[in-house]
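Visitor: Please take me for a close look at any enclosed space inside this protein, and at the parts of the chain around it.

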Amino acid sequence: MSFLSAALVPALIVLASAAAMEFVAWASHKYIMHGFGWAWHRDHHEPHNNLLEKNDLYALVGAAISISMFAVGSPLVMGPEAWEPGTWIGLGVLLYGVIYTLIHDGLVHQRYFKWVPKRGYAKRLVQAHRLHHATIGKEGGVSFGFVVARDPAVLKRELRQQREQGIAVLREAVE
């Protein structure tokens, strides 16, 4: 294997793992956080002045996944049974966690810095996630991803349809 391909394969595994995490995050958000895991996620959808939320426990779950993959790929932990791609998958999960923290906690919820984007994809991300927070309770909702944001006009239509069908209760500002 040439040096280029030896370096390219791990980089591709890292990028593919980070990209796959958006689907994992979407599914976890829709079916776990807004399902049986609502007890941890609820405070994220309710106004509060706390520095931390129970919802932040989900970051520990993500960290455990990343650390577990690093361990699976580590000869120090697994000895000769180590599976090298585990290291690169762990790094991809970590990369996604950093991106998530900067976009979701930082940009959207402004926990670390104050900046309101006026245009472009950053504005679309903020709008899509604010529409996610437009529902009261765990039922219904739109935009369960964190990095991929759909058109806010489409999301507004979906929210109106959910309200009309009795699936979601919307906050006054959206109605």
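Guide: Let's start with the whole chain, then go to the enclosed space, its neighbours and some other spots. This is a predicted model, in which local features need pLDDT of at least 70 and side-chain atom pairs count only at pLDDT 80 or more, while totals for chains, interfaces and linings use all residues. Residues are numbered from 1 along each chain as its sequence is written, and side-chain values use heavy atoms, with hydrogens and water left out.

The chain has seven helices and two strands, where helices (H or I, at least four residues) and strands (E, at least two) are DSSP runs numbered from the N terminus. In sequence order they follow the pattern α-α-α-α-α-α-β-α-β. Along the principal axes, the C-alpha atoms fill a box of roughly 60 × 35 × 35 Å. Of the 175 residues, 36% are buried; buried means under 20% relative accessible area, exposed over 50%, and partly exposed in between, with a 1.4 Å probe and protein chains only. Among contacts (heavy atoms within 4.5 Å) with a separation of 6 or more, 51% join residues 24 or more positions apart.

Now to the enclosed space itself. Rolling a probe the size of a water molecule over the atoms shows where empty space is left. On a 1 Å grid over the protein atoms alone, a cavity is a set of points where a 1.4 Å probe fits but cannot get out, a pocket is an open set with protein on both sides within 12 Å along at least five of seven lines, and lining residues have an atom within 4 Å of a point. Grid points are joined across faces, edges and corners, and a volume is the space filled by probe spheres set on the points.

Searching the whole structure turns up one cavity of 30 Å³ or more. The volume of the largest cavity is about 60 Å³. Its lining is made of I103, H104, V108, L125, A128, H129, S143, G145, F146 and A149. Two elements, α5 (85–108) and α6 (120–132), each give two or more residues to this lining. By class, six lining residues are nonpolar, four are polar and none is charged; Ala, Val, Leu, Ile, Met, Phe, Trp, Tyr, Cys and Pro count as nonpolar, Asp, Glu, Lys and Arg as charged, and the others, Gly among them, as polar.

Let's follow one of the lining residues, S143. S143 sits in the loop between β1 (135–136) and α7 (152–164), and it counts as buried because its relative accessible area is 10%. Beyond its neighbours within four places in sequence, S143 is in contact with A128, H129, H132 and L155. Most residues other than glycine have a negative phi. In S143, phi is near 55 degrees, a positive value in a residue other than glycine.

Helix α6 deserves its own look. With 13 residues, α6 reaches 19 Å from its first C-alpha to its last, close to the 18 Å expected at 1.5 Å a residue (the expected span is 1.5 Å times one less than the number of residues). Its buried residues are A122, L125, V126, A128, H129, L131 and H132. Y121, also in helix α6, is partly exposed because its relative accessible area is 42%. Not counting residues up to four places away in sequence, Y121 touches V147, V148 and A149. The Y121 side chain reaches the backbone oxygen of V147 at 3.0 Å.

Between α5 and α6 runs a loop that holds Q110. Q110 is buried, since its relative accessibility is 17%. Phi of Q110 is near 50 degrees, again positive in a residue other than glycine.

Back in the loop between β1 and α7 you will find K138, which is partly exposed, with a relative accessible area of 30%. K138 touches H34, G35 and W38, leaving out residues up to four places away in sequence. Its C-alpha atom is separated by 21 Å from that of V148, ten residues apart along the chain.

Finally, here is an open space to set beside the enclosed one. The largest pocket has a volume of about 630 Å³. It is lined by 26 residues, and those closest to its centre are Y58, A59, V61, G62 and A63. The elements giving two or more residues to this pocket lining are α1 (3–36), α3 (57–72) and α5. The pocket lining divides into 18 nonpolar, six polar and two charged residues.

Key. A polar contact is a pair of N or O atoms within 3.5 Å; within protein, one must be able to donate a hydrogen and the other to accept it, and residues adjacent in sequence count only if both atoms are side-chain atoms.
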